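Please look through the sequence and the three-dimensional model shown here before reading on. The paragraphs that follow move from one pair of strands outward to the rest of the structure.

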Amino acid sequence: MPRIVGVDVGGTFTDLILIDEGAGELRLAKVPTTPENQADGVLEALAQTGAALADVSTMVHGTTTTTNAMLERKIARVGLITTRGFRDVLELGRRTRPQPYGLIGSFTPLVTRELRLEVDERVDAEGAVVRPLDEAGVAQAARRLLELGAESVVIHFLHSYINPAHELRALEIVRRIWPNPHITAGHAVISEYREYERGVTAAVNAAIQPVLHRYIERLQGELSARGFANELLVMQGNGGTVAAGLVAEASVNTVGSGPASGVIAAAYTAARSGFPNVVTYDMGGTSSDVALIRAGLPQISTELELEYAMPIHVPMIDIHTIGAGGGSIARINEAGMLQVGPESAGATPGPICYGRGGAQVTITDANLLLGRLNPTRLLSVTTPVSFDALRAAVDQQVGRHLGLSSDEAAAAVLRIANDRMANAIRMVSLARGHDPRDFALFAFGGAGPLHAVALARELGIPKVMIPARPGLTNALGCVVADVRHDFVRTVNRPLPEVGPVLVEGILAQQIADGKAMLARERVSVEGIDCVHRADMQFQGQSHILTVDLPRADVTPAELHRLFEDAYWQRFGVELKEIRPVLVGLHTAVIGRRRPVSLSALAAGDPRATLADARTELREVWFDGVRLPTPVYRRDWIPQGADFSGPAIVEQLDATTVIEPGNRVAVDPLGNLVVTV
Amino acid sequence: MDPQDLRGSRVIDPITLVVLQNGLQQVCNEMDLAFVRAAFSPVISEALDRSDGIYHRDTGELIAQGELGLPVFVGTMQFSTQAVIERVKEQGITLEEGDVFIVNDPYLGGTHLMDVKFVKPFFYRGRLFAWLANTGHWPDTGGAVPGGFSANATEVEQEGLRLPPVKLYKRGALDAEILSIILSNIRIADQRIGDIKAQAAALAIGERRLTALLDRYGAETVEQAIGELKARASQQMRAKIAEIPDGTYEGEAYVDSDGVVDEPLRIAMRVDKQGETLTFDMAGSSPPCRGPMNSVIATTKSSIYLAVKHVFPDVPINAGTFEPLRIVEPEGTFLYAKYPRPVSGCAAEVSQRIAEAVFSALVKAIPDKLFAAPAGTSGNLSVGGYDPARKRSYVMYVISGGGYGGSTRGDGLSNGCSTIGISKTTPIEVMEQFYPVLFEEYSLAEGSGGAGEFRGGFGVNYKIRLRRGEARASMVMDHGRIGPQGAHGGEDGGVNRVRIVRAGVPYQPPHLSKDQGIGIAADDLIEVTTPGGGGFGNPLRRSPQEVARDVAHGYYTRNEAEARFGVSLKPDGSVDAEATMARRRRNGGDTARA
């Protein structure tokens with residue numbers, strides 16, 4: 001029976017889950033992340049499980065290597081070869097400014113100006129060659145870039161999405177000169193129009209390719225030195241995995257893979273408990289991530305921005321991040337109004353209660369003061385802070401300005417924080433035509449379960465699900481994720497001019513390309529699923545609406561109807577007067593990995609009765625009063641237990657707060673299901 | 001002020017107040033989002049030239065506005081809502097659920113004709129509770145030139161179709177008669193029905209969300225909150241103003257010309273700060289002009305509001321925000337245009353000069369919170385013609401960015417969007433798909449950033465070649481005569497330049513940045529350079545290493561490094577410290593840094 005390891009490298013911890021289905025056994029490990037070389041932490045976590053590497057059949061790795069490299073700009077020295085007259089496109093962009101108000105801000109392009117070289121060539125919008133490619137010029141530019149110390153190179157020509165011939169030819173020429181495989185052609189990463197977005201996406205790929213390549217080689221080397229000879233897969237931002245041997249080719253696909261794997265775990269877990277429609281809610285120390293899952297499938301976007309003016313237009317799970325996490329700071333502004341976040345105390349100095357010198361009241365401090373978090377935490381830190389000191393800080397910084405007691409002030413901090421998070425959830429659901437009441441809320445991350453029930457009340461969401469191991473959700477995502485490859489192709493033609501052959505032809509090609517990739521990877525899969533979507537708009541619009549397609553042989557007439565329905569749902573507008581345009585077609589080819597049983601996750605140390613699982617009765621503040629609240633140890637709660645709030649459920653990596661009156665059931669997979 | 005003092009004035013619990021502030025804001029943000037995603041006009045969908053808000057039932061004052069609305073509409077929409085309210089009272093118009101007024105009259109609280117407002121009475125449980133309104137920039141509203149930016153109109157009638165407040169929707173039904181009048185008077189009318197429906201749908205979404213908010217918290221509580229939020233915003237703005245040293249600060253700015261008479265128009269700006277009030281007096285500004293660079297009073301006020309919001313970005317926008325700002329109405333100047341003065345340039349250009357005049361006054365008072373002048377032009381270029389290959393007429397717009405000013409927080413941003421906008425430029429690949437043009441260049445305008453201890457950002461050069469057919473080019477830009485102002489010893493930014501090469505012969509618009517109806521034919525070339533940002537602080541104090549880095553990037557030449565920054569470089573590009581020190585001593589005395 002297979003033994004599967006999922007290992008997720010997060011900002012602070014490296015989490016590992018080993019599932020041995022034959023033995024029905026689960027092993028977990030959590031070690032500090034080793035930022036210099038993440039592989040050290042991975043090996044340390046493996047060692048902690050005591051498992052022999054030779055016995056592991058598949059290892060799936062979620063890594064922040066590329067995301068961090070981008071955010072910290074620890075990237076490769078990239079060169080650019082581009083169309084004459086356009087080397088500054090990557091610097092000028094479609095610039096706005098970082099904030100709508102305040103005329104300041106800065107932007108540093110991924111490719112420094114000295115390394116951006118131009119060659120003669122030009123293709124027009126119809127794909128016709130206006131100026132032939134100067135082949136000697138390409139070779140000369142490549143040599144010059146090497147002299148200037150470029151490690152990787154991007155070839156980015158105007159209109160290559162419609163006619164890639166010049167990029168392909170330049171690629172051949174550069175390949176003969178370039179000493180390594182780090183060559184990216186724009187159209188090969190995304191075949192979409194918009195020169196800035198395509199160029200930046202390609203430049204991101206080139207900027208992190210050498211970094212990822214080195215990392216994976218090193219990891220693979222160390223693993224095989226320890227006897228590992230089986231499958232190594234790497235998580236991608238689309239929520240699927242790719243074989244380690246191929247991952248560096250499209251490095252950009254690994255950006256944002258950490259949060260994506262959490263969403264995948266949520267989809268997998270919730271579907272098995274009967275909740276195909278889920279809003280995921282992952283609250284960490286500085287921010288919270290929210291995503292939408294419909295019919296078991298996370299929503300995908302090709303229009304995400306990693307940061308200001310840094311679009312990454314490859315298909316990624318559509319995750320909305322808001323600046324509210326446990327470390328978010330509460331303060332009174334000049335209008336005398338309480339604000340929570342987006343400023344964060346982070347991990348250092350952190351919340352006051354961490355005892356690391358933090359002096360500003362945070363969400364975590366408010367939770368602690370109200371009894372929602374275990375007060376023994378105060379004692380477990382290096383320099384403990386007394387309850388009185390914490391109370392005084394809340395009084396001083398919040399309470400006295402609003403005429404509130406310290407308890408009331410702490411409750412106010414939570415209410416404002418929840419309100420902000422609820423608004424963010426409304427933006428990804430209601431604002432996109434979905435009613436949050438049709439979804440369940442799946443809460444994870446260190447702080448998600450603390451707030452989830454209150455948030456669900458705020459939003460009218462009827463059910464909340466807390467998985468068995470909320471703090472290990474990303475690692476679980478690695479274990480359960482399928483292998484996945486996404487393909488996007490621009491069409492950009494009015495629907496009446498699109499014949500059925502064209503749509504079927506493109507989708508068939510995308511399916512074939514995906515299957516070819518799967519064959520190259522040689523990952524064992526049980527079957528292949530293909531998911532198709534169409535990007536559409538009315539003629540003259542610039543924004544697109546994405547429509548899920550039921551099959552690959554969809555007719556233009558069906559496309560028309562699907563688009564009109566989706567448009568009506570989203571905007572409440574009917575436009576018989578204007579022709580729809582098929583902007584692009586998208587296929588995800590998914591190699592289904594063998595389903596993993598989650599029952600091992602539920603295994604705990606259940607006591608005979610619920611009462612036996614109770615560790616204390618604590619005074620916890622709810623809606624204006626302190627109520628005596630039972631505190632349960634999660635792994636002691638018996639299977640099938642059923643109880644009502646107020647209650648608190650504690651486990652190593654998370655605390656769940658059940659508000660008064662809400663019912664909790666423990667399902668067979670060990671999830672807490674709260675009826676709000 | 002100690003926030004403690006507020007406790008006495010509390011009418012609603014402070015936490016619900018914050019929740020309702022966010023809730024009202026969210027209603028507007030959702031309207032913004034729906035409008036932009038469904039719109040057809042690229043000026044709305046890409047350039048985000050639109051805004052949505054909630055306005056007071058009786059006074060029309062601003063209650064909340066979408067965070068991503070175009071800055072120039074800060075404040076203007078309350079004036080147009082007020083115009084609708086007045087019209088309703090005067091004419092005894094009955095308001096019914098589902099009615100939507102349309103209005104674009106500049107003199108009735110507007111901007112220019114292209115900004116078309118929809119104003120909808122919002123009823124809650126059968127009673128008028130508030131107004132929802134939005135504005136969107138239509139690509140054309142008729143008039144002498146496609147797109148409406150006539151550079152030399154002398155009457156508003158030449159600028160396009162002027163709509164007084166009339167009900168475009170009556171009880172939810174689109175009025176076919178009014179619609180037909182509108183569509184018969186504008187160019188490329190076929191897509192406007194899409195924008196009209198998108199604009200109305202955004203208000204319908206606002207209606208649903210606001211109803212849900214009222215259902216949950218009760219109309220009375222929300223109404224109390226609205227009053228309290230106004231008072232709080234006013235208090236927050238007063239607290240910001242209080243930090244400015246008392247005194248009178250003078251600023252100014254110049255519009256190149258009005259497009260008809262080739263003389264600069266001066267904006268005189270005297271900002272007087274006493275206690276918690278700022279007074280803006282524009283007496284001494286140029287008289288009304290013949291060409292379209294007049295500003296209507298709503299736009300003049302709005303320009304001051306948005307300038308202040310740029311300086312204090314964290315104050316939320318509602319009617320209270322503007323209370324501590326006193327504006328002396330500039331009667332008798334081009335900043336208070338009356339019918340039939342042409343006004344097409346007011347929203348896009350004059351507004352930005354007014355903001356620049358405010359910045360230039362305040363940078364003297366609170367240098368650390370300000371910045372040298374940004375490029376401050378929308379750089380409108382429109383090319384209208386007939387494409388023989390596709391057998392259709394078209395109007396193409398190019399809106400461009402320019403450099404921002406330096407500030408104590410760093411160098412200016414390159415290619416930032418206009419002061420009054422938050423628009424993204426349209427991709428070249430999209431332009432070439434739609435129009436018979438080929439871009440030959442899109443590059444950073446080297447040297448255009450004003451030198452300073454913190455230099456300005458750079459503008460853009462672009463060149464467009466017409467591929468087939470004939471067309472007419474028009475442009476309304478600015479800063480062709482004088483670049484964006486430097487501050488505290490920084491240089492001005494580079495100027496805006498336009499050149500059109502027709503059959504190989506170059507032509508420069510006599511008014512530099514404004515011209516209209518220039519006939520061009522296949523193979524002719526339009527070349528534009530947009531302004532750089534002003535520099536902040538003495539350039540001789542700029543770090544020589546940063547100057548060397550700028551030269552390595554090709555931002556400045558070695559000669560410019562010497563002449564403009566007093567920095568000498570060695571042949572390998574590194575700083576020649578000795579020569580630099582000597583040069584800077586010679587030029588700048590003790591203030592220089594070597």
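Begin in chain B with β9(B) and strand β10 (residues 277–281), which run antiparallel and are joined by five bridges; strands here are DSSP runs of type E with at least two residues, helices are runs of H or I with at least four, and both are numbered from the N terminus. Two strands are said to pair if DSSP finds at least two bridges between them. Within this pairing, Lys273(B) has Leu278(B) of β10(B) as its bridge partner. Two residues lie between the strands of this hairpin, where Gly275(B) takes a positive phi near 60 degrees.

Before going further, it helps to know how the model is to be read. It is a predicted model, in which local features need pLDDT of at least 70 and side-chain atom pairs count only at pLDDT 80 or more, while totals for chains, interfaces and linings use all residues. Residues are numbered from 1 along each chain as its sequence is written, and chains are lettered from A and ligands numbered from 1 in the order in which they are written.

Strand β9(B) also has a partner in strand β8 (residues 247–255) of chain B, with which it pairs in the antiparallel sense over nine bridges, and here Tyr254(B) stands opposite Arg266(B) of β9(B). Which residues make up the covered face of strand β9 (residues 265–274) of chain B? They are Leu265(B), Ile267(B), Met269(B), Val271(B) and Lys273(B), whereas Arg266(B), Ala268(B), Arg270(B), Asp272(B) and Gln274(B) form the uncovered face.

Elsewhere in chain B, seven strands form an open sheet with antiparallel pairing, in the order β2-β1-β5-β4-β3-β6-β7. At its edges stand β2 (62–65) and β7 (173–174) of chain B, and each has a single partner strand, so one side of each is left without a neighbour in the sheet. In general, strands of a sheet pair through backbone hydrogen bonds, either parallel or antiparallel. One pair in this sheet is strand β1 (residues 50–56) and strand β5 (residues 127–137) of chain B, which are antiparallel and share seven bridges; in this pair, Asp52(B) stands opposite Asn134(B) of β5(B).

A helix of chain B can be followed in a similar way. Helix α13 (residues 577–588) of chain B has twelve residues, which at 1.5 Å a residue should span 16 Å, and its end C-alpha atoms are indeed 16 Å apart; the expected span is 1.5 Å times one less than the number of residues. In this helix, Thr580(B), Arg583(B) and Arg584(B) are buried, a word used when 20 or more other C-beta atoms, placed from the backbone, lie within 10 Å of a residue's own, with exposed meaning 12 or fewer and partly exposed anything in between. These three residues cover an arc of only 95 degrees around the axis, so they are on the same side of α13(B); the arc is that of the directions from the helix axis to the C-beta atoms. On the other side of α13(B), Glu578(B) and Arg586(B) are exposed. The buried residues of α13(B) pack against α11 (544–552) and α12 (558–565) of chain B.

Two loop residues, one from each chain, offer another view. Val343(B) lies in the loop between β11 (325–328) and α9 (346–365) of chain B, and Val343(B) is buried because 27 other C-beta atoms are within 10 Å. Trp636(A), in the loop between β30 (625–633) and β31 (642–644) of chain A, counts as partly exposed because it has 19 C-beta neighbours inside 10 Å. Not counting residues up to four places away in sequence, Trp636(A) touches several residues, including Gly604(A), Pro606(A) and Asp612(A).

Turning to chain A as a whole, one finds 18 helices and 35 strands. Of the 676 residues of chain A, 56% count as buried, and its C-alpha trace spans about 80 × 60 × 50 Å along the principal axes.

Finally, the two chains touch each other, and the contact takes 61 residues from chain A and 73 residues from chain B; two residues are in contact if their C-beta atoms, placed from the backbone, lie within 7 Å. On the side of chain A that touches chain B, α13(A) gives the most, with seven residues.
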